[in-house]
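I opened a fresh page for a chain I had not looked at before. These are my jottings, in the order I looked things up.

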Amino acid sequence: KFEMMADCSKVYTEGPWIIMDHYLTVRRWEHDFKPSEAGEVATALWVRFPQLPIEYYNERVLYHIAKAIRKPLKVELNTAMSPRGRYARVCVEVDLTKPLISRFAIGKYTYTIEYEHLHYFCFTCGKVGHRKEYCST
């Protein structure tokens with residue numbers, strides 16, 4: 001419950017929120033809400049596009065690439081340095097009950113997608129919630 005509308009607005013617009021290396025999904029209050037019966041499991045996630053050529057570091061291009069994953073929310077225009085090199089970063093809204101894609105192609109090259117802070121992701125079926133060792137597909 002927020003006393004100030006500015007605080008409420010900040011929580012909904014400045015995420016996604018990461019607590020102890022896990023995503024915290026914020027929803028509006030619903031009467032008699034039971035988490036185990038929540039129908040829609042959409043959340044905002046940060047994704048990285050490592051080794052993307054510098055000519056694609058453009059807000060419109062990154063937004064277009066992110067549409068292949070799901071719904072793009074915001075693009076981080078700053079490039080970042082990681083142990084594996086530079087990467088572009090985009091926040092996307094995804095439905096965690098549907099398979100996530102792990103790569104995309106531009107021209108003759110294929111690029112990988114890294115999902116930040118996603119610990120239980122199955123590379124066999126593409127769904128969140130278990131690892132490939134425990135996949136039933």
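What follows is a set of short entries, from the overall fold down to single side chains.

**Entry 1: the overall layout**

I noted at the start that this is a predicted model. I then went through the secondary structure and got two helices and eight strands. Reading from the N terminus, I wrote the order down as α-β-β-β-α-β-β-β-β-β. I also looked up how much of the chain is tucked away: of its 137 residues, 31% are buried.

**Entry 2: the second helix**

Next I picked helix α2, which covers residues 59-66. Which of its residues are buried? I found Leu-62, Ile-65 and Ala-66. Looking down the axis of α2, I saw its buried residues fall within an arc of 100°, so they line one face of the helix. I turned to the face pointing away from that buried side and found the exposed residues Arg-60 and His-64 there.

I checked the start of the helix too. Asn-58 caps the N-terminal end of α2. One of its side-chain oxygens sits 2.8 Å from the backbone nitrogen of Arg-60. So Arg-60 turns up twice in my notes on this helix, once as an exposed residue and once as the backbone partner of the cap.

**Entry 3: a hairpin**

Then I followed strands β6 (residues 103-106) and β7 (residues 109-112). They run antiparallel, and I noted four bridges joining them. As one example of who faces whom, Ala-105 stands opposite Thr-110 in β7. The two strands make a hairpin with two residues between them. I looked at the turn and found Gly-107 there, with a positive phi of about 65°.

**Entry 4: salt bridges**

How many salt bridges does the whole structure hold? My search gave four. I took Arg-48 as my way in, since I had placed this residue in strand β3.

Arg-48 pairs with Glu-114, and the closest N and O atoms are 4.0 Å apart. Arg-48 belongs to β3 (residues 42-50) and Glu-114 to β8, so this pair ties together parts that are 66 residues apart in sequence. I looked up how covered the two are. Arg-48 counts as partly exposed, at 22% relative accessibility. Glu-114 comes out at 19%, which counts as buried because the cut-off for that is under 20%.

Arg-48 has another partner, Glu-116, with the closest N and O atoms 2.7 Å apart. This pair also links distant parts of the chain, 68 residues apart: Arg-48 is in β3, while Glu-116 is in the segment after β8. Is Glu-116 buried or exposed? I read a relative accessible area of 7%, so Glu-116 is buried.

While I was in this region I checked the backbone as well. Arg-48 and Ile-113 are 65 residues apart in sequence, yet their C-alpha atoms are 5.8 Å apart in space.

**Entry 5: following the chain of charges**

I kept going from Glu-116 and found that its side chain also has a polar contact of 2.8 Å with the side chain of Arg-89. Arg-89 in turn meets Glu-76 in a salt bridge, 2.8 Å from N to O. Here Glu-76 is in strand β4 (residues 71-82) and Arg-89 in strand β5 (residues 85-95), 13 residues apart. I noted Glu-76 as partly exposed at 23% and Arg-89 as buried at 15%.

Which residues end up in the network of salt bridges? I listed Arg-48, Glu-76, Arg-89, Glu-114 and Glu-116.

**Entry 6: a nonpolar patch on the surface**

Last, I went looking for nonpolar side chains on the outside. I found a surface patch of about 590 Å², made by Phe-2, Tyr-12, Ile-19, Met-20, Leu-24 and Val-26. I zoomed in on Met-20, which sits in the loop between β1 (17-19) and β2 (22-24). With a relative accessible area of 75%, Met-20 is exposed.

**Entry 7: what I would reread**

If I come back to this page, I will start with the network around Arg-48, where one side chain in β3 has salt bridges to Glu-114 and Glu-116. After that I will reread the notes on α2, with its buried residues lining one face.

Note on methods. Residues are numbered from 1 along each chain as its sequence is written. This is a predicted model: local features need pLDDT of at least 70, side-chain atom pairs count only at pLDDT 80 or more; totals for chains, interfaces and linings use all residues. Side-chain values use heavy atoms; hydrogens and water are left out. Buried means under 20% relative accessible area, exposed over 50%, partly exposed in between (1.4 Å probe, protein chains only). A polar contact is a pair of N or O atoms within 3.5 Å; within protein, one must be able to donate a hydrogen and the other to accept it, and residues adjacent in sequence count only if both atoms are side-chain atoms. Two strands pair if DSSP finds at least two bridges between them. Patches are made of residues with over 30% relative accessible area and no salt bridge: like charges are joined within 9 Å, nonpolar side chains (Val, Leu, Ile, Met, Phe, Trp, Tyr) within 5 Å. Accessible areas come from the Shrake-Rupley method with a 1.4 Å probe; for residues, only the protein chains shown count as cover. The arc is that of the directions from the helix axis to the C-beta atoms.
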